[in-house]
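Trainee: I would like to request a close look at a single part of this model, with the reasoning set out step by step.

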Amino acid sequence: MKRHSHAPPPHTHTHTHAHMHTCSNAHIPSLFSLPSALSLFFLYSTTQLDEVSAGIIHMLKAAAGFYSAELDTQASVEASLTAIVKHAPILIETCQHNQAVMRAMSGAMSLPSSSAHLSEVEEARSARVQRARQHGGKRGGREEEEENEEGERGQHPAVTKARAAAQLATYPSQSVFPHLLSDLRREVEAELRDMQEEMEKVEEEESKRAVAANAEKGGMPSARDYLLSMQKMGVEKTTVALPHLVRMSSQLDIDLLSLFSKELEGVLGVRGMGDVLSTSAALLRLVQTHCKEIRSMHESSSSSPPPPICSTSALSSFLSGKVAAGMEDDPLLMHALSTLASTHTCSASGWRVDLDEGWTYLELTCSHWLEMEERMGRAAREETSMDKLKALVSELDQSSLTNDDLRARLVSRMLALTNVAVGDVCVMCGERGIAVRFFPCRHSCACVECVMRELSSEEEKESLTSMGFVSLKGSDTKLACFECGRHVLNISTM
């Protein structure tokens, strides 16, 4: 049958042609020139179409035949317009998803790479490391610095690109960048495969170990054994997965570890990332907690016991992945940290940057403490002036290092230089006889008058003079033994 059609107005044709270019990614590769409506129908009638493509085809058919003078063509246009109503919801939803992805992608595409951003990042990190080197053993807070670092991290290109990748995974029905996620995965295919294989190997080995342990006990595992086994497996899987995730972040210039678990699983097309992310957060939190404990020593009163980490033995053990006496850290996490600290670093990974910074601070602090102890120990052994001994005691007191034995040796050296016979004369005034004893150290080194000047309340003074005893537990009085410097809890007269 011969067909006659009126060409649409030029502006209509131009609009339709532009629309086809926009939709060329939606499984419509041959629509760059517009055939007649019946030719379109013939072209796609034998093709299996998804709803989006079917809806677009109906729109194109309606547009192509809308100005036709052919009755059958107009009937086909009416059918297409009616069909569009059915497909409109999915088309609108896809369009909304496209807009969400394009907004995210437009921000990401305008950013420099992390390598181009590296000079600024490294400059900021170098400044912070220099501050850590200068204040490694000194007390002081850094709330403002932490706020600045959060701002820097939030503006990092790799984080913005990670959000864009998350949008791609969140809206899989978008049609603007249909192959971008698969392209990303292809770029890190080998790294992704190695990570999955190593995680599976850890799971298999832990399962075999659990089965063997249960066989030895002759029954099912207890709830405690099961939870410990799962925790161990989770930490070990994280230990093998994190270096791969950091390297993939470097390859893609995307901060993968800044994503939520579902987003990361969607971007990489893998499962089991929830435990990895939660354990990685616990690892970083452990390092940052000890950094904060050391930095915030100045906020603690003299009566508060110092954190266990504030000694060279405890900090050295922590850095080597071992649990020191008095520490309550998880041995599994400590071992994982000592392993991960020496693995690949990456400026695109905020987690890795933060871990490096915290770990560097702890290493510098430990080195500073060791140097202090060596220098002060030498002064306590050798002939040293009173002024220098006083300066060393003051330096030790102002630092975040706790070493009661070293302080006692320095104080003892100072007392020896005064030529005061401890046991006969008060070490404070050097005039009156010793009349009180401090507890729990049990040192007798002061007269009543000197001690009375240190008591903050009249009730305490009255108790000491009338009853010969006073307790400083919970008191506002903060008194250290005049001989060893240990915190005094009780005082009694002799």
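Trainee: Is Glu462 buried, partly exposed or exposed?

Mentor: Please bear in mind that the model is predicted. Glu462 is partly exposed, because its relative accessibility is 48% and the class of partly exposed residues runs between the cut-offs of 20% and 50%. The residue belongs to helix H19, which spans residues 458-467. Its C-alpha atom stands 9.5 Å from that of Met452, a residue 10 positions away along the chain.

Phe66 falls into this class as well: with a relative accessibility of 46%, Phe66 is partly exposed. Phe66 is placed in the loop that runs between helix H3 (51-65) and helix H4 (71-109). Together with Tyr67 and Leu81, Phe66 makes a nonpolar surface patch of about 280 Å².

Helix H3, on one side of that loop, offers a view of burial. Of its 15 residues, 11 are buried, so H3 is largely enclosed by the rest of the structure. Among the buried residues are Val52, Ile56, Ile57, His58, Leu60, Lys61 and Gly65. From its first C-alpha to its last, H3 reaches 21 Å, close to the 21 Å expected at 1.5 Å a residue.

Two cysteines may be added on the same subject of burial. Cys310 has a relative accessible area of 1% and is therefore buried; Cys366, at 6%, is buried too. As for disulfides, the count comes to 0, where a pair of cysteine sulfur atoms within 2.5 Å would be required.

How values were computed. Residues are numbered from 1 along each chain as its sequence is written. This is a predicted model: local features need pLDDT of at least 70, side-chain atom pairs count only at pLDDT 80 or more; totals for chains, interfaces and linings use all residues. Side-chain values use heavy atoms; hydrogens and water are left out. Patches are made of residues with over 30% relative accessible area and no salt bridge: like charges are joined within 9 Å, nonpolar side chains (Val, Leu, Ile, Met, Phe, Trp, Tyr) within 5 Å. Accessible areas come from the Shrake-Rupley method with a 1.4 Å probe; for residues, only the protein chains shown count as cover. A salt bridge is a side-chain nitrogen of Lys or Arg within 4 Å of a carboxyl oxygen of Asp or Glu. Helices (H or I, at least four residues) and strands (E, at least two) are DSSP runs, numbered from the N terminus. Buried means under 20% relative accessible area, exposed over 50%, partly exposed in between (1.4 Å probe, protein chains only). The expected span of a helix is 1.5 Å times one less than its number of residues.
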